[in-house]
Structure formats: structure tokens, C-alpha cells
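User: I would like a close look at one part of this structure, followed by an account of what surrounds it.

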Amino acid sequence: MNFQQMILTLQQFWSAQNCILVQPYDTEKGAGTMNPMTFLRSLGPEPWKVAYVEPSRRPSDGRYGENPNRLYQHHQFQVIIKPSPDNIQELYLDSLKALGVDPLLHDIRFVEDNWENPSLGCAGLGWEVWLDGMEITQFTYFQQVGGIETSPVAVEITYGMERLASYIQEKENVFDLEWVGGMTYGDVFHQPEVEHSTYTFEVSDVKMLFTLFNTYEEEARRAMEQHLVFPAYDYVLKCSHTFNLLDARGAISVTERTGFITRVRNLARTVAATYLEEREKLGFPLLKKEGADLV
Amino acid sequence: MSKDILFEIGLEEVPARFIRAAMEQLKDRTVKWLEASRISHSGVSAYATPRRLTVLVKDAAEKQEDISEEVKGPSRKIALDASGEWSKAALGFARSQGVSPEQFTFKELAGVEYIYATKNSDGVNTSSLLSEGLSGIVSAMTFPKNMRWGAYDFKFVRPIRWLVALFGQEVIDLEITGVKAGNVSRGHRFLGTEAVISEPAEYVETMRSQHVLVDVKEREELILSQINKLAEEKGWTIAIKEDLLEEVLFLVETPTVLFGTFDAAFLNIPQDVLITSMREHQRYFPVFDAAGALLPFFVTVRNGNAESLDVIAKGNEKVLRARLSDAKFFYEEDQKLEISDALAKLENIVYHEELGSVGDKVRRIRAVADRLAVKLGLSEKAAAEASRTADICKFDLVTQMVNEFSELQGTMGEDYARKAGESEAVARGIFEHYQPRFAGDAVPASEVGLVVSLADKIDTIVGCFSIGIIPTGSQDPYALRRQAAGIVQMVLEHKLTVSLQEIFDAALEVHENLRTEKPFAPDLRINLYEFFGLRVKRLLSDNVRYDVVDAVIAAGFDDIVAVVGRSRALMDTVNNQADFKITVDSLTRVSNLAAKAAEGTAVVPSLLKEEAERKLYETWQAIHAPYQEALRARNAEEALRILSGLKDAVTGFFDSVMVMADDEQIRANRLALLAGIDADSKAFADFGKLVW
């Protein structure tokens, strides 16, 4: 099964579970969790079901396209369901079967892994799912998002698409994966990997990045003052990515690091709290959405 | 009449590290509930897998035990009015106890007659109690980490997905977070199906047929026997670390052991790195040959049957290959790092906000180590090696390998330092300066490692105490207790001549010199001494009676080797010398009177009038020097033997001499004599603390 078919299969599968299929969000981010479709929507009492592919940028993981497993940008397939359904593990295992993984022929385990994203004030409990010893999925019950206790609890399933594909296609090197008929992952992504690594580690303008961080932070704050949650959150994401670039460049000392993370977290907390207020003002509209599949 | 009770909590995969304790907790709570509910039974068994916690109660009575209870009421005088009728008080008592006055009996208690009501309550049917009882047990369970799920406001270790609750064949009516109890359990996630448990006694076998071995012991034995069989077939030694076995045991419901291999070229990486990677990342058991050399194989346990083990082995090999490639990459990259560059990076790592960077810490370790090297009389060469070791002891903290596996700190430092051309003593010293790393770990073997280890640990302790970080209760985030215990252990095992105060001084001076703004927290030295006192006390208490410990500690523990010696000698004498109590009593008597002596009064021999007091004085004078010499030489047995030699003279003194003489001068002189003896005796122990 090529990469493209895997994405299509998962979309099909979760679509059949009444998930809304949205497209990748257009602001740089380190993980699918940071997509507002997850970060914001997992807050509050309204039900929610969504699935999407998220290209996730981790500047410090860039390896100039030379490492068979590490990437500047990788792909997550993200599913969020709130409240978490009783049969969520079975659904997940069915999705693996849809990808051609027969559990009887493999060793599949749920190994404790508690997830935290301190810069967004998020914490959850769950597992990493192992397929014959390889971590292919992060499976998390959100307990806290943006510093706010979740209620009801959303479950997040994050498939590591490259890992899963390298297993399914039996490839050692991520760049040898087949994306679609005759086109490899390398054909599509190798050049950007090399260039982004070069940019991140050697070229990026540190001074400009520091300026950008401050500018984005300020703009996020300004938007928040107007209770413009979504625009404000976009700037939080930009802050976070800019911080990652600075960090990868080695421009942030260990002492400063905590300070930057705290600044992003404070913004994220304000955004989360304001999002809840705004939804409440709207009367939590999705609670009343009778007849919608997601309810 | 009795029936078995079965209660199975079906869960999403519980973290392996919590399961055994959770199983025991469920059992304990069940046993306590049965007792409190007066339900007799013939035993409770507990079972657990990643997906279930179960208790099975054998032969639970169908009815609670009846109880008959007598309740004391008012006295007869109050209960009966003048006309012999029941008083208001008596009628009220009857109402409150739910009995009629005719059922009262009279009984005398301490000469007064009281009325008594006998309350009989018939036991109710067990089945009517189980629903609430079992729900209560589940709600009361606690875990190191709890979670919520779905829309329920209920916390548990992982989501509850099914419940089996049976009393005999009868299903107990019970519902938790929307899950209704029934008689249907779930088998192995992939090999099994749902299965009806027709009655509790069938549970273990029904689950076995569903490919779930619920019995923990049985599962463990099966894993071990499979590993041993494999080891025998292949001629391998498979290292089974207890905590890894425990984790694996609770990751599987049907265990099947398999092995895989990796490229022998990876064996160029230090063995510890490979083992750590296999254990920590992948939960594999490493494989060795008869001589103890690592072989390019690993052993793992699958949660399932023997189907397609080759596919699973291949998958695991692929993962391990990627892991070991990373390790190899780190190892090679790390060797490109110059030690001096690594040291420069330490300046940017915060050790503690108020105690500076790791670079600052390293400078302190160096300064403390240099002072200790002088105190311990290291040769010039060894002292120089200790200085170098101290300078670079933390450089590996910035290597990629230690970043990935923090438990390899020191191990990597040693390896990289050797490769970078450092002397053998320095390379080894880097590893050793972390020792002892845990209770029961070895102390540094070399004096270089020893000095740097002492310096590192006392710097941490003094640093933390100086800014008010002092362990209390379960709060000890910097593991200061372990480090203090490490220092004590090192002093003892190496029989160091350095005293605790000298060790404190070395670190205190350095902190004072390098400190700019903040003053030390108050009572720093006292707090340090008391803190170490508790460690010494704890150490002694392992082998010595508490009163003996208290007695010798009262004589000081600045010299740890000496206090341990004194404790052993005293314990030995107390145990084996029948008349030792007489010695102790006489020394205690000396001590009690000595307290009355004016301080600093010397004995004037010419004032000793009576023969017994002259005899005591002479005996004391004769033993004083050799006794002190024995103490100095840390020969506690000899010192105690000499001190015991005073016994007859002291007894003789008290038999015939009146200490509190009318003549003030004579009295003072006698007290001074006793005070002198007491001072000597208290240099060994405060014998008054001994308990007979």
C-alpha cells in the first residue's frame, strides 16, 4: 500500500465513523495537536469528531535528508473524538486492519505513555501503540488543554505515517517509500528536507527571528484584546514555530528556554480560556445540533 | 450455604508498572469489605493482566452472620420511677434501640445496676450487599495516576470497559460509568472472543481457553521457562533483570518468547549502550555468551501465540536496527566533540538558579576535591589526577548519548575520556565519581574516584542546605539523603580518617569563596550535622539495637568509622558479657553525680582522704591514657575493655565513700573525680541510654 493509499484508507475509515475530514491547517506547527481543530475544539462541552493529515515541522529533527528515519517535516494522521467513545480501541485496531495489518500475524501492544505539551499547557494519559516493537501511534485521552480541564474528555489518535508506511512497505529508508505509483517520498520531499535543514541550522537570521517572535507575540495579544480567538491562535502557532527555529539554531540558552516556553504557554492559556468564553456566548451551538452525525 | 464470588474489572491496557499493586489493592479491599460485612469465606484469590483486575472469593456465605449486641442504658435508679414503672429515660432508651422495655435485662457494673437492651440483628442476604459493596471497592481504589474518559466524572487508572460480577451463577446488579456488570468477559484481544463465565470457579479455565493466562505466577513461570529453554537450546546466557521481567509480565496475556538478531558490527559500540537501548527502548532481554560477552541477539516476549514469529522477529529487528544506528551515530558524533568544547557548554546549563551553572558546580567540585585530597593525604600524582577528573567529570552531560540515555552518564564519560587520551585513572574516576549510584551500589574503588565523588556529593548537599533546600518527609527532590548515605558509605568502606566536620569545611569554604550575594541559610552547620546524624543512625540501626545506637551516637559521630566500631563493640559486649550491666550501672551512677560537679574543677589528689577514693583515682589515672589512645586508634573493643576495668574501683568507691560530704572542698573534689571519669566514659557512649 503506498503512502497516498494509506491516507485515503484512513480518511475513508474515519469518515465512515462520522468524522469531519478537514484539510491540513495552513500555519506551521510541530504536531497535529496544535491544529485549532484539535487544540481549541477539544475544549468545552460540545461534541466533536474530526480527522486530518497534518504535515508537522520539527526544525531540530532536520538531518539534511541524510538520516533514514529523521525528518524536518513528517506527516501525522490525526483523529479527535469528543467525548471519547467506549469502543475507541476497537475502532483503532479496525483501522489498522483496513491498512492491511493483521493483528494475528503481528504483535500489537498498548504501552503506557503519558503525553505532555508544556508550551500549550496540555496533558493526557494513554499509550504509544507498538507494532512488532515499533511505535506507530500515539493514543491519548486529553485531561488538560491550554491549562483547562477537559470535560467531556476527547481522545486523540495520532498515526505516525512515515513509521507506519516504512513498516507496511518494508522499507529501511523513509525516502524510499512509495508515495504513489513510481513516485517516492524522496522524489517529493528530499530537496525540501535538505534545504530546510540548511536554512534551519546555517542560514536563518537569528536577529530577525527574535524580532518576529516578539512581533507575533504582540500581535497575538492585540488580537486577544479584541476577543479574536482564531487569529490570535494563529500568531501563537507562529510564535511556537519561530521559537523552534531559534532553538534548533542553538540561539536560545537553557536559561532563556524556560522563559520562552512560558511566554507561549501564557498566550495559549489565554486563547483557550477566551475560546471557551466565546463558545459559551454563542450558547455552545454544537450541543443543540440535533440530527448531525457527530452528536 | 455458600457460593463463590467473582469480580473482574475489564480495562483498557493498564500501565504495567501499576498492575501488581492494583491487584493486591483490589484483593485487600475485598477481604476488608467481607470482614466488615460479616460475610464468611474460605479465601480470596486475585488475578491480573494488562486488561483486567480480578478477585475470586471462595465459599462466601449466602447470608451475613447474625449479631447479638448488648447496649448499656441508664442505671436502674433512673430507669424505674418511684412506682416501679419505666421512666421517661428508660422508654426513650427503648425507642432509640428499637426494642420494647419488656426485653430489658438488669446487670451490675461496678456496684451499680443498669438496664441493658439486647439488639439482635439478623444477617441479610449477601447478594443484596454485593452491588453496593463492589461499587464501593471500585470507587475507593487509588492509583499513582488517574484519568477521566468519555463524559463521565469518574477517575480510574484506565477506562473501564466491562465488568463481570457473579455470586454463584447469579449476576450482581452493578453499573459503573455506563458499564453494566454481567457474566461475559473478554478474551485475548486478538486470539479470543467474548466468553460467558458460567460460574466463578470456571473463571481461570474459561479465560485460559480464551488465550488469557490470568494467574500472574503462572504467566511468569511460563515466560521464564520459555526463556530458559531458549537459552539452553542456543547455549546463551539471557540476562533477566527483575524490573524488566515484571514489566513484560504485565504487558502480555499470552506470552510467547522469541528472539531476533542484529548486525554484529554494532558490537563496536560499548556494551552498556547496546544493553540500555535494548532494555529501555524496546524491553528486550540482552543475550550473552558463557564468558559474559554480549552477543548480537535479543529476546522479547510477544503478547500472543507462536503464529508468524518470523514476521514479528523481523519487525523488531528493523526497529532495533534503527535504534542502534542512532546510537552508533551519537557515539561517533560524540567522539568528534573536544572535551574542552563540551566543558564550555556546561556554562550554559543551569544547575540551580541560586547555585549557578553546571560549569560553576564543576569549579566547586574541583576546589572541594583539592581540599579533600590534601586532607586524605593523596600523593602528588593522585591529587593531580583527582583535579583533572573533577574538572571534566561532567563533560559527558552534553553528549548526544547521555542526552538520549541519562543513565549512561559517567559510563560514556569514561569511555570518551579514554578515547580522548585521558589517563586511565582519570577515565575511571569519571565513572566512579557517580558511585554509589543507588542503595547497595559499590563505592569508588580508586582514591581519585573517591575524592571526586565525595566532593561532588558534599557540594550538592551543602549547596542545597545553604539555600534552604532541606529534605522533609517524602520531599527530597535532589536525592540529598541518598548522597549523604553515599558519603557515609564511602567513609566507612575506605576507613577514611577525615571527619564529617572536615568534609563540611571543605565544601563550606568553597561555597563561601565562590558565593557573591546571598548569605547562607541559618544554622547551616547544625542542620548538616543533624542530617548526617540521621543517616549514620539509620546505617547503624541495620545491625545494632536502637538503644545501643542512641548511646554511641550521643558520644558523637564526627568520626563515622569510630562510631560504627563503638556500636559494634558495645552491642557485642551487651550481648555476650553477662556482668556488663554492673559496669553500666556504675558508670551511670558516676554520670548522675558528675552532673553536680562544677565545671572545670580539677581533682586535687591530696584531698582524697579515703582509701576507696584514692584507689578509684589511681585506677582511673592508670587507664586514662591507654583508653584515649585506643579511642584514637579506633580500637573500640580495646577501649571498652579498658573502660570496663573501672568497674570494681567504682563499685568500691560507692560502697564506702560518701560523695556528698559535709566538707565543701572534699565534696567538690569527689565530684570532680567523678566528672573526669564521666567525661572519659561519655567519649565512648552515653551508657545511661542503654535499656535492659
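In which loop of chain A is A:Pro152 found?

Analyst: The model is a predicted one. A:Pro152 is found in the loop of chain A that runs between strand E8 (148–149) and strand E9 (155–160). The peptide bond that joins A:Ser151 to A:Pro152 is cis, with omega about 0°.

Chain B also has a cis peptide bond, which joins B:Gln435 and B:Pro436 with omega about -10°. B:Pro436 is placed in the loop between helix H15 (424–432) and helix H16 (447–466) of chain B.

From A:Pro152 the account can move to A:Ser84, whose contacts beyond four places in sequence include A:Val153 and A:Val155. The others in that set are A:Tyr141 from chain A, and B:Trp149 and B:Gly150 from chain B. A:Ser84 itself sits in the loop between strand E3 (73–82) and H3 of chain A. With a relative accessible area of 4%, A:Ser84 is buried, since the cut-off for that class is under 20%. Its contact with B:Gly150 has a polar component: the side chain of A:Ser84 reaches the backbone nitrogen of B:Gly150 at 2.7 Å.

That brings in the interface as a whole. On the chain A side 43 residues are in contact with chain B, and on the chain B side 45 residues are in contact with chain A. The size of an interface is often given as the accessible area lost when the parts come together. For chain A and chain B the buried area is about 3800 Å², with 48% of it on carbon and sulfur atoms.

Polar pairing across the two chains is counted in two ways. There are 26 residue pairs in polar contact between chain A and chain B, both residues being at pLDDT 80 or more. The elements of chain A that each supply at least two residues to the side touching chain B are helix H3 (88–98), strand E4 (108–112), strand E6 (122–131), strand E7 (134–145), helix H4 (161–168) and helix H8 (254–281). E4(A) gives the largest share, 5 residues. Sorted by class, this side of chain A has 19 nonpolar, 13 polar and 11 charged residues. The second count is of salt bridges, of which 8 are found across the interface of chain A and chain B. One of the salt bridges pairs B:Arg189 with A:Glu90, with 3.5 Å between the closest N and O atoms.

Chain B also has backbone angles to note. B:His211 is not a glycine, yet its phi is positive, about 65°. B:His211 lies in the loop between helix H5 (203–209) and helix H6 (216–234) of chain B, and at 33% relative accessibility B:His211 is partly exposed. B:Ser308, likewise a residue other than glycine, has a positive phi near 45°. B:Ser308 lies in the loop between strand E16 (294–303) and helix H9 (309–336) of chain B, and B:Ser308 counts as buried at 16% relative accessibility.

Last, the cysteines. The search over all chains finds 0 disulfides. A:Cys239 is buried at 0% relative accessibility, and its sulfur cannot be bonded to the closest cysteine sulfur, that of A:Cys122, because the two are 16 Å apart. In chain B, the sulfur of B:Cys393 has its closest cysteine sulfur in B:Cys464, at 16 Å, so the distance is too far for a bond. B:Cys393 is buried as well, with a relative accessible area of 0%.

Technical notes. Residues numbered from 1 in each chain as written. Chains lettered and ligands numbered in written order. Predicted model: local features only at pLDDT ≥ 70, side-chain atom pairs only at ≥ 80, totals over all residues. Heavy atoms only, no water. Disulfide = S-S within 2.5 Å. Buried < 20%, exposed > 50% of the residue type's maximum accessible area, 1.4 Å probe, protein only. Contact = heavy atoms within 4.5 Å. Buried area = accessible area lost by both parts, 1.4 Å probe. Salt bridge = Lys/Arg side-chain N within 4 Å of Asp/Glu carboxyl O. Polar contact = N/O pair within 3.5 Å; in protein donor to acceptor, adjacent residues only side chain to side chain. Helix = DSSP H or I, 4+ residues; strand = E, 2+ residues; numbered from the N terminus. Nonpolar A, V, L, I, M, F, W, Y, C, P; charged D, E, K, R; others polar.
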